[in-house]
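Here is a friendly walk through one protein chain, helix by helix and then loop by loop. Please keep the structure open beside the text as you read.

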Amino acid sequence: MKNPLMPQKRIPEFQRIKAHVLAQIQAGIWREGEAIPGEEALAREFGVSRMTVNRAIRELSDEQIVERVQGSGTFVAQQKYQSTLVEIRNIADEITARGHVHHSELHQLERMKAGEALGRKFGLKPPQMLFHSVVVHFENGLPIQVEDRHVNPQVAPDYLSQDFTTQTPNAYLMRVAPLQGVHFEIEACLPPAGIRDMLQMAATEPCLLLHRQTQSMGQVASVAHMWHPASRYRFAGSF
């Protein structure tokens with residue numbers, strides 16, 4: 001499903017290098033305490049100046065993703081976000097892990113103006129554009145989540161060209177915009193009629209609503225509201 005897009009700004013080279021370093025760390029290729037390739041090696045790999053690499057590494061150091069040790073090199077720092085109480089997991093993987101069958105239905109995929117409220121969350125000024133998707137996730141044929149997500153085009157420029165019936169937005173974003181940080185809130189509330197219909201709920205049943213904002217490449221990557229029928233879903237964690 002594709003929507004026509006206005007031309008997007010090219011992602012700066014230093015952001016591409018930051019994303020590469022984050023992806024290597026997220027994948028466990030570069031582990032905590034290990035040295036990453038030097039600036040000269042990264043400059044050759046990406047075909048950029050050492051100054052560009054230096055900016056990327058400096059910003060990663062400021063964000064405490066890596067640690068620069070003078071005379072020794074740059075090392076993967078201890079990743080603070082690994083101790084969050086709610087793990088960022090792909091709902092399809094959660095369902096499969098229970099031995100159940102996941103499928104999803106795409107209800108909306110569009111390009112839209114940010115508006116004032118969303119603009120503040122993303123740190124954007126109107127009339128900047130965002131991507132918007134609404135996906136319903138099913139477990140063994142029963143709807144258990146409506147995922148209403150807004151995405152920053154700067155971190156996921158190909159978002160609108162994805163098939164979100166064969167992969168989840170979470171799986172795609174974790175691949176192209178490695179997680180840097182997350183903020184979340186959970187509340188119980190009655191859903192609006194549209195959400196209630198998609199989840200096949202009774203009018204009096206409440207939802208567990210997860211608000212989640214993720215960061216990648218030094219900026220807000222996505223803002224998602226995930227609605228779950230209280231009778232069919234629960235949150236759990238341990239530390």
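## Helix H5 and the glycine after it

Directly after helix H5 comes glycine 123, with a positive phi near 70 degrees. This is a predicted model, so please read the values here as computed from its coordinates. H5 itself spans residues 115-122, and its buried residues are Leu118, Gly119 and Phe122. Viewed down the axis of H5, these buried residues stay within an arc of 105 degrees, so they line one face of the helix. Glu116 and Arg120 sit on the other side of H5, where they are exposed.

What lies over that buried face? Among the elements covering the buried residues of H5 are four strands: S3 (102-113), S4 (129-139), S5 (142-151) and S8 (219-229).

## The chain as a whole

It helps to step back for a moment. The chain's secondary structure comprises seven helices and eight strands. There are 239 residues in the chain, and 44% of them count as buried. Among contacts with a sequence separation of 6 or more, 61% involve residues 24 or more positions apart.

## Helix H2 and its two sides

Helix H2 (residues 39-46) also has a buried side to look at. Its buried residues are Glu39, Leu42, Ala43 and Phe46. Around the axis they cover an arc of only 105 degrees, which puts them on the same side of H2. The face turned away from this buried side carries Arg44 and Glu45, both exposed.

The cover over the buried residues of H2 includes H1, helix H3 (50-62) and strand S1 (66-69). At the end of H2 there is again a glycine to notice: glycine 47 follows the helix, and its phi is positive, near 65 degrees.

## How H2 packs on H1

H1 covers residues 13-26, and it packs with H2 at an angle of about 110 degrees, the two axes lying 12 Å apart. The two helices are therefore roughly perpendicular to each other, and their crossing is right-handed. H1 brings Arg16, Ile17 and His20 to this contact, while H2 brings Leu42, Glu45 and Phe46. Sorted by class, the contact of H1 with H2 holds three nonpolar residues, one polar residue and two charged ones.

Two of the H2 residues named here, Leu42 and Phe46, belong to its buried set. Glu45 also takes part in the contact with H1, although it is exposed on the face of H2 turned away from the buried side.

## How H2 packs on H3

Now for the other helix partner. The axes of H2 and H3 come within 9 Å and cross at roughly 115 degrees. That makes H2 roughly perpendicular to H3. The crossing of H2 with H3 is right-handed. From H2, the contact uses Glu39, Glu40, Leu42 and Ala43, and from H3 it uses Arg50, Val53, Asn54 and Ile57. The residues in this contact of H2 with H3 divide into four nonpolar, one polar and three charged.

Leu42 deserves a second look: it appears in the contact with H1 and in the contact with H3.

## Two positive phi values outside glycine

Most residues other than glycine have a negative phi. Where does this chain depart from that pattern? Glutamine 200 is one place, with a positive phi near 55 degrees. Glutamine 200 sits in the loop between helix H7 (193-198) and strand S7 (207-216). Its relative accessible area is 52%, so glutamine 200 is exposed.

Methionine 217 is another residue other than glycine with a positive phi, near 55 degrees. Methionine 217 belongs to the loop between S7 and S8. Is methionine 217 buried or exposed? With a relative accessibility of 4%, methionine 217 counts as buried.

## Valine 101, an exposed loop residue

The last stop is valine 101, found in the loop between helix H4 (91-97) and S3. Valine 101 counts as exposed, at 56% relative accessibility.

Which residues does valine 101 touch, leaving aside those up to four places away in sequence? They are Ile95, Phe138, Glu139 and Asn140. Valine 101 and glutamate 139 are 38 residues apart along the chain, and their C-alpha atoms are separated by 5.7 Å.

Key: Residues are numbered from 1 along each chain as its sequence is written. This is a predicted model: local features need pLDDT of at least 70, side-chain atom pairs count only at pLDDT 80 or more; totals for chains, interfaces and linings use all residues. Side-chain values use heavy atoms; hydrogens and water are left out. Axes are lines fitted to C-alpha atoms, for helices over the stretch in contact, and angles run from 0 to 180 degrees between N-to-C directions. Angles under 35 degrees count as roughly parallel, over 145 as roughly antiparallel, 65 to 115 as roughly perpendicular and the rest as oblique. A crossing is left-handed if the near helix is turned anticlockwise from the far one by less than a right angle, and right-handed if clockwise. Contact means heavy atoms within 4.5 Å. Ala, Val, Leu, Ile, Met, Phe, Trp, Tyr, Cys and Pro count as nonpolar, Asp, Glu, Lys and Arg as charged, and the others, Gly among them, as polar. Buried means under 20% relative accessible area, exposed over 50%, partly exposed in between (1.4 Å probe, protein chains only). The arc is that of the directions from the helix axis to the C-beta atoms.
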